[in-house]
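Colleague: Got a minute to go through this fold with me? I'd like to start with the strands.

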Amino acid sequence: HPLTAAGSIAQSSMGSFVQDGRPVLSRAAAREVYDKFARKGHHTAGKDAASGYGGPAVDALLSMAAFEDAKVVVDYGCGQGKLAEVLLQRYPEICWLGWDQSAEMIQRAASRLAPFGERAICEMVSDGDPASVIATAPKGSVDRFVSTYCLDLMSEDDMFSVLDLAQECLHPEQGLLVLSGITWGYRRSLLTFITTLIWELIYCLSPRTVGGCRPQHLEPYLLKRGWRVINRVVTLPNGFPWMASEVLVAAPPTAPARFKKSQ
């Protein structure tokens with residue numbers, strides 16, 4: 001069946017966990033959806049750095065994560081490589097490794113990033129299981145591990161696998177995890193209220209239509225794995241689709257105490 005149980009952990013608020021009964025797309029169904037999005041040039045499936053909600057979130061992400069200090073960046077769920085293109089153009093010292101389970105997305109990312117030569121590498125996650133990448137992942141040498149609009153379509157088991165993968169990859173003292181995803185906008189503005197309501201209704205009826213993405217609070221997942229969140233913001237969209245986004249920067253559980261959360 002294309003829908004599977006979402007897992008055992010979810011959040012009703014920033015500080016508490018409750019059972020999450022929402023279904024998620026299976027890995028195979030997600031791959032099928034994003035292959036189709038890539039072929040159609042879909043711009044609102046969380047893979048466009050210039051989309052209505054993605055643009056402001058990417059601006060926040062770039063300002064929060066000190067990419068000027070990074071040499072090696074990993075991007076899990078890299079999509080068509082649009083964020084990678086921004087990073088590689090802006091920071092000529094960066095080398096980038098992108099993973100995605102959609103062959104169509106990877107093909108388009110490789111084509112887009114070809115001008116950057118050996119600075120950009122695209123790799124398939126053939127079975128869609130983040131845990132399967134750990135064996136071949138770079139160990140303790142990555143400066144920034146990025147995942148944008150990807151965890152919000154995963155089962156919680158796979159979300160935790162991505163966090164474990166990030167911890168495996170990141171430099172234990174200097175590395176940073178950088179995440180973004182859609183979040184609830186009921187209290188942000190009238191537009192985000194209406195859009196969030198419609199989005200959640202569509203998600204219940206036809207999750208494929210919204211790319212399998214559901215609003216979340218990501219911080220509790222990080223805290224459960226021992227990550228130290230050092231910055232978190234909610235960004236408002238500047239165009240369609242009018243969804244709020246959550247952007248977080250976190251230090252690995254092994255990071256020194258010099259990382260303090262921004263207020």
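Modeller: Sure. One term before we start: two strands pair if DSSP finds at least two bridges between them. Keep in mind that this is a predicted model.

Colleague: Fine. Which residue stands opposite Ile182 in strand 11?

Modeller: Ser245. Strand 9 (residues 176-183) is joined to strand 11 (residues 244-251) by seven bridges, and the two run antiparallel.

Colleague: And how does strand 9 pair with strand 8, parallel or antiparallel?

Modeller: Parallel, over five bridges. Phe145 has Leu177 as its bridge partner in strand 9. To get from strand 8 to strand 9, the chain passes through helix 5 (residues 156-169), and that β-α-β crossover is right-handed.

Colleague: How many residues of strand 9 are buried?

Modeller: Eight of its eight, so the strand is mostly covered.

Colleague: What about strand 5, how many buried there?

Modeller: Four of its five residues, 72-76. Strand 5 is therefore largely enclosed by the rest of the structure.

Colleague: Which strands does strand 5 pair with?

Modeller: Strand 6 (residues 95-100) is one partner, running parallel and joined by five bridges. Strand 8 (residues 144-148) is another, also in the parallel sense, over three bridges.

Colleague: Where does Asp75 come in? What are its bridge partners?

Modeller: In strand 6 the partner of Asp75 is Gly98. In strand 8 it is Val146.

Colleague: Back to strands 5 and 6. What lies between them along the chain, and what is the hand of the crossover?

Modeller: Helix 3 (residues 82-90) lies between them, and this β-α-β crossover is right-handed.

Colleague: New topic: helix 4. Which of its residues are buried?

Modeller: Helix 4 covers residues 103-113, and the buried ones are Glu104, Met105, Ile106, Ala109 and Leu113.

Colleague: What covers them?

Modeller: The cover includes helix 1 (27-40), helix 3, strand 6 and strand 7 (120-124).

Colleague: Now cysteines. How many disulfides?

Modeller: Zero. Cys150, for one, is in no disulfide. The nearest cysteine sulfur belongs to Cys213, 8.3 Å away. A pair would have to be within 2.5 Å to count.

Colleague: Is Cys150 buried or exposed?

Modeller: Cys150 counts as buried, at 8% relative accessibility, because the cut-off is under 20%.

Colleague: And Cys95, what is its relative accessible area?

Modeller: 37%, so Cys95 is partly exposed.

Note on methods:
Residues numbered from 1 in each chain as written. Predicted model: local features only at pLDDT ≥ 70, side-chain atom pairs only at ≥ 80, totals over all residues. Heavy atoms only, no water. Buried < 20%, exposed > 50% of the residue type's maximum accessible area, 1.4 Å probe, protein only. Right-handed = clockwise from strand over helix to strand, strands pointing away. Contact = heavy atoms within 4.5 Å.
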